[in-house]
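The following exercises are to be worked with the sequence and the coordinates at hand. Each task is followed by a solution in steps.

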Amino acid sequence: MDRYVCIHGHFYQPPRENPWLEWVELQDSAYPYHDWNERVTAECYAPNTAARILDPEGYIVAIVNNYARISFDFGPTLLYWMEARRPDVYRAIVESDRLGRERFSGHGPALAQVYNHMIMPLAHPRDRRTQVLWGIRDFEYRFGRAPEGMWLPETAVDVPTLEALAEFGIRFTILAPHQARRVRRIGERLWHDVSGGRIDPTVPYLCRLPSGRTIALFFYDGPIARDIAFGDLLRSGEGLARRLLGAFPPPDDRPRLVHIATDGETYGHHHRFGDMALAYALHSIEKNASARLTVYGEFLERFPPTHEVEIVENTSWSCAHGVERWRSDCGCHTGAHPGWTQAWRAPLREAMDWLRDTLAPLYEQAMRSYVRDPWQARDDYIDVVLDRSVANVEAFLAHHAAREFRRDEKVRVLKLLELQRHAMLMFASDAWFFDEISGLEAVQGLMYAARAIQLAEEALGVALESGFLERLERAPSNVPAFRHGAHVYETLVRPARLDLLRVGAHYAIVSLFEEVPEASSTLYCYKAERKVYDRRTAGRATLAVGQVRLTSQVTWEEGLISFAVLHWGDPNLNGGVRVSMDEMAFEAMRRDVQTAFDRGDLPGVLRQMGQHFGSNNYTLWHLFRDDQRRVVGRILQTTLEEVEQTFRQIYDGRYALMQFLHSLRMPLPRVLAVTVAFVLNREIRSVLEAPHRSLEDLEALVEEVQRWEVDLDRTTLSYLASRRLERTMEQMAARPEDLSVIEEAQRALDLFRRLSLDLDLWRAQNIYFDLARRIRPVVRERADRGDPQARRWLEGFDRLGEALRVRVTT
């Protein structure tokens with residue numbers, strides 16, 4: 001067969017970690033999920049590991065791993081998050097590459113990706129090299145093999161970028177059709193102009209580089225990719241298959257490859273059920289045998305290029321003006337805010353470039369006192385990023401050290417290397433892609449810059465923030481309240497900056513509301529070793545005094561933090577912290593503060609804290625976001641319970657009146673309607689969240705909702721109902737022949753649908769499908785032999801399958 005199809009998905013999320021905590025903090029805009037990584041994983045990355053194929057009646061008849069049958073790349077920083085937060089999805093993605101190698105003649109479907117999505121033509125040559133090398137090392141660590149291809153962020157390309165790929169053994173990359181300039185058959189002299197997207201995308205091309213190296217280039221089918229990403233081609237998997245198969249040119253003597261590339265998030269996040277359309281299209285192509293699925297490495301090995309190509313430099317797939325979207329107000333924007341300007345882009349780029357170029361010589365000079373080659377040490381630092389165990393870090397330092405290090409020197413070396421890591425992270429493309437400098441992505445880039453500035457202060461003794469802000473003042477914001485980039489930085493970035501004192505304050509404040517481990521614990525990227533801790537309560541007031549040794553697991557910086565923190569009800573809280581308070585000073589502080597507390601003199605406690613800790617005062621405002629939300633929630637709990645009780649009293653006390661109004665078919669007055677909605681939403685949420693609450697409780701509430709036609713918080717309740725159903729299905733997986741669990745799941749589904757909830761059934765259907773394949777045939781045999789219990793199980797199990805829209809014929 002000389003007809004081949006390859007679908008490539010570029011899966012990526014910008015780095016979202018708080019640079020000081022190495023943790024993705026709560027993002028309210030992603031609700032009901034914790035953050036956007038979690039949300040997009042639920043909507044796209046996970047579903048593509050187990051995508052559904054439906055029969056004509058809409059029942060699931062097969063579940064397949066899309067990744068094993070397409071070409072894909074994943075952002076290294078995204079996989080770093082996923083490995084820790086969604087290991088099940090991470091393992092399935094890695095496994096898909098192994099499965100793909102079995103399918104595609106030993107060629108894996110996974111491609112490497114430039115490490116943190118830097119626009120390569122705009123990168124410093126040193127960064128360009130490190131970004132490629134880090135992307136390769138990360139890929140090898142995760143997939144256990146060398147990558148054949150590498151994805152370029154936004155397909156942004158120039159010749160030096162291709163040289164960097166070829167230098168490190170990358171065989172091919174993928175570009176948009178308009179990025180080809182001219183082509184010719186290998187061995188011929190005459191070039192043919194193919195600019196403007198006129199290149200034949202069905203064959204690979206050889207690109208000869210000035211160094212003498214070569215790299216293969218694939219140019220995807222632009223019109224099909226555009227209709228998948230921005231049109232309605234994913235409405236039908238069959239339609240997608242027809243469109244792909246219809247793109248082959250008339251038969252000739254050349255093997256042809258129809259291939260497309262889009263953001264991977266297209267399949268499920270941007271287009272709901274896009275994962276299913278993709279699965280059906282792949283299934284349809286294989287079933288009809290009119291073309292063979294392949295990946296780029298396999299096709300390239302079987303059919304080497306017969307033509308060579310020259311590229312249009314400084315171009316990309318997402319900017320009509322080349323790469324201007326990431327350095328100027330070129331006119332490219334999302335379209336969400338007509339009238340807004342992107343005049344901030346150039347000053348932001350200039351500020352970032354200035355910071356990078358200022359830091360580089362300072363880093364090199366400082367590091368030469370410790371290592372043989374500062375830039376080789378940075379290149380190899382990815383091995384530490386991937387494994388921060390003490391043994392691995394010690395081995396890295398020993399390998400690069402020009403001499404033996406003291407403990408404080410190790411800290412300084414690690415800070416310098418972290419400085420360089422953040423000086424690259426701040427160039428992730430998303431900081432410039434969107435419409436506004438105060439947006440989430442631009443602020444994230446500024447966060448990384450702020451961390452680099454802080455590390456420069458600590459490790460180099462230089463103050464660069466004022467120079468950085470001076471340049472950001474030239475970046476106008478579209479939001480009047482922010483004025484310019486410097487104000488964005490001062491408002492949204494600087495308050496996030498932290499040091500050991502603030503980490504210690506966080507530890508102390510949280511300890512008032514949650515139990516603190518007696519020995520050591522992990523606090524984000526810090527190790528906390530409790531040395532002294534004493535908490536006492538009097539009425540609504542609580543006082544904690546103690547010492548904790550904090551150690552950064554990233555830079556190895558450590559300090560003994562002494563603290564005293566007082567909470568006297570509601571949001572009233574004050575804490576003091578100090579580093580390296582000696583034993584005598586600590587005991588004096590402890591005595592003075594506790595003595596004042598024991599005699600009920602709370603103002604005296606605050607005075608003593610002021611005398612012993614000076615201006616190092618902290619409040620609830622200084623807590624890290626996730627814990628702040630949780631602690632404030634606990635403080636609000638009493639207030640919310642009082643409010644809820646008031647609403648409940650109104651609901652119960654006026655129920656007869658509301659029934660009377662209902663019998664007259666009169667609408668409830670607004671105040672009563674709000675009361676009913678509040679009470680029923682809270683009660684339903686309580687049933688869904690509490691494992692001990694029964695479905696009988698929920699059934700009564702469903703009847704009330706239907707009686708009063710309540711406006712439900714369906715976003716929250718749908719999320720919680722989906723999680724409750726998953727817990728029931730997990731019990732079913734653990735006790736598959738327990739008919740009562742099957743009936744519980746069936747009943748839950750019936751009640752949830754009576755509430756018109758939009759359920760996420762992905763996990764529940766996966767569990768059912770697995771049991772249908774493994775357990776149902778065994779029970780079916782017993783039922784066929786006349787076992788009445790097996791027959792009852794089979795009837796209940798098949799009813800549940802109908803409710804879940806899963807049909808397995810075994």
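**Exercise 1: Backbone geometry in a loop**

Glutamate 22 is placed in the loop between S1 and H1. The model is a predicted one.

Task: Determine the sign of phi at glutamate 22, and decide whether glutamate 22 counts as buried or exposed.

Solution.
Step 1. Phi of glutamate 22 is near 55°, which is a positive value in a residue other than glycine.
Step 2. The relative accessibility of glutamate 22 is 16%. The cut-off for buried is under 20%, and glutamate 22 therefore counts as buried.
Step 3. The loop between strand S1 (3-11) and helix H1 (36-45) also holds proline 32. The peptide bond from tyrosine 31 to proline 32 is cis, and its omega is near 10°.

**Exercise 2: Strand S18 and its partners**

Task: State how S17 is joined to S18 and how S18 is joined to S19, then examine the two turns.

Solution.
Step 1. Strand S17 (residues 541-552) and S18 run antiparallel and are joined by ten bridges. Glycine 546 has phenylalanine 563 in S18 as its bridge partner.
Step 2. S18 and strand S19 (residues 573-579) also run antiparallel, with seven bridges between them. Here alanine 564 has glycine 576 in S19 as its bridge partner.
Step 3. The hairpin of S17 and S18 has five residues between the strands. Tryptophan 556 lies in this loop; its phi is near 70°, a positive value in a residue other than glycine. At 7% relative accessibility, tryptophan 556 counts as buried.
Step 4. The hairpin of S18 and S19 likewise has five residues between its strands, and glycine 569 in the turn has a positive phi of about 100°.
Step 5. Of the ten residues of strand S18 (residues 558-567), nine are buried, and the strand is thus mostly covered.

**Exercise 3: An open sheet**

Task: Give the strand order of the open sheet of six strands, and identify which strands stand at the edges.

Solution.
Step 1. The order is S7-S11-S10-S14-S8-S9, and the pairing is mixed.
Step 2. Strand S7 (172-175) and strand S9 (192-193) each have a single partner strand, so one side of each lacks a neighbour in the sheet; these are the edge strands.
Step 3. S7 runs parallel to strand S11 (residues 214-219), with four bridges joining them. Phenylalanine 172 stands opposite alanine 216 in S11.
Step 4. Helix H5 (residues 159-167) packs on the sheet and touches S7, strand S10 (205-208), S11 and strand S14 (307-311). The direction of H5 makes about 115° with that of S11.

**Exercise 4: A helix pair**

Task: Classify the packing of H2 and H3 from the angle between them.

Solution.
Step 1. Helix H2 (residues 76-85) and helix H3 (residues 87-103) pack at about 125°, with axes 6 Å apart.
Step 2. This angle makes H2 oblique to H3.
Step 3. Leu79, Met82, Glu83, Ala84 and Arg85 in H2 are in contact with Pro87, Val89, Tyr90 and Ile93 in H3.

**Exercise 5: The whole chain**

Task: Assess how compact the protein chain is from its radius of gyration.

Solution.
Step 1. The protein chain has 30 helices and 20 strands.
Step 2. Its radius of gyration is 30 Å, close to the 28 Å from the globule rule for 810 residues, so the protein chain is as compact as a globular protein of that length.
Step 3. Buried residues make up 57% of the 810 residues.
Step 4. The protein chain exposes about 33,900 Å², of which carbon and sulfur atoms supply 49%.

Key. Residues numbered from 1 in each chain as written. Predicted model: local features only at pLDDT ≥ 70, side-chain atom pairs only at ≥ 80, totals over all residues. Heavy atoms only, no water. Pairing = 2+ DSSP bridges. Contact = heavy atoms within 4.5 Å. Axes fitted to C-alpha atoms, helices over the stretch in contact; angles between N-to-C directions. Rg over C-alpha atoms; globule rule 2.2 N^0.38 Å. Buried < 20%, exposed > 50% of the residue type's maximum accessible area, 1.4 Å probe, protein only. Areas by Shrake-Rupley, 256 points an atom, 1.4 Å probe, with all protein chains shown as cover. Parallel < 35°, antiparallel > 145°, perpendicular 65-115°, else oblique.
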